[in-house]
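Trainee: I would like to go through the salt bridges here and see what each label rests on.
Mentor: Then let us look at the model together.

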Amino acid sequence: MTNEKVVVTKEVAEAIEYLRGRLDYKFADFMRVSSQGGWSTAKSSPLNNIEIETLAGAILNGYEVEKSPEEKVREYYESYGGSPSAMERK
């Protein structure tokens, strides 16, 4: 495992933050529950959709939230000097 941030979905990021803040989960807690069959509450269940190595990387090294399709298009468009407001003026 590298020390690079991993990319996770918005739902996974929200589940990690929920458990970190509200339940004060530590790294060992995340790994224990993930290895014992997974997460059962609505707020934590998105963690069942990622590999345990990805979860470990996100907790230990941090993570970035995956961009939505709209954000990807906007970023691409703006990388060529455009802006949504310029497009609307035409």
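Mentor: What follows takes the labels one by one; bear in mind that this is a predicted model.

Trainee: What makes the contact between Glu 17 and Arg 20 a salt bridge?
Mentor: The N to O distance between their side chains is 3.3 Å. The cut-off is within 4 Å, from a side-chain nitrogen of Lys or Arg to a carboxyl oxygen of Asp or Glu, so the pair qualifies.

Trainee: Where do Glu 17 and Arg 20 lie relative to each other along the helix?
Mentor: Both are in helix H1, residues 10-22, and their spacing of 3 residues is about one helical turn.

Trainee: Why is Glu 17 called partly exposed?
Mentor: Its relative accessibility is 39%. Buried requires under 20% and exposed over 50%, so Glu 17 falls in between. Arg 20, at 29%, is also partly exposed.

Trainee: Why does Asp 29 count as partly exposed rather than buried?
Mentor: Its value is 22%, and buried means under 20%, so Asp 29 is partly exposed. Its salt-bridge partner is Arg 32, at 3.0 Å, N to O. Arg 32 has 40% relative accessibility and is partly exposed. The two residues belong to helix H2, residues 27-35.

Trainee: How do you know that Glu 78 and Arg 74 form a salt bridge?
Mentor: Their N to O distance is 3.8 Å, and the limit is within 4 Å, therefore the pair counts. They sit 4 residues apart in helix H4, residues 69-79.

Trainee: How many salt bridges does the rule give?
Mentor: The count is 4.

Technical notes. Residues numbered from 1 in each chain as written. Predicted model: local features only at pLDDT ≥ 70, side-chain atom pairs only at ≥ 80, totals over all residues. Heavy atoms only, no water. Buried < 20%, exposed > 50% of the residue type's maximum accessible area, 1.4 Å probe, protein only.
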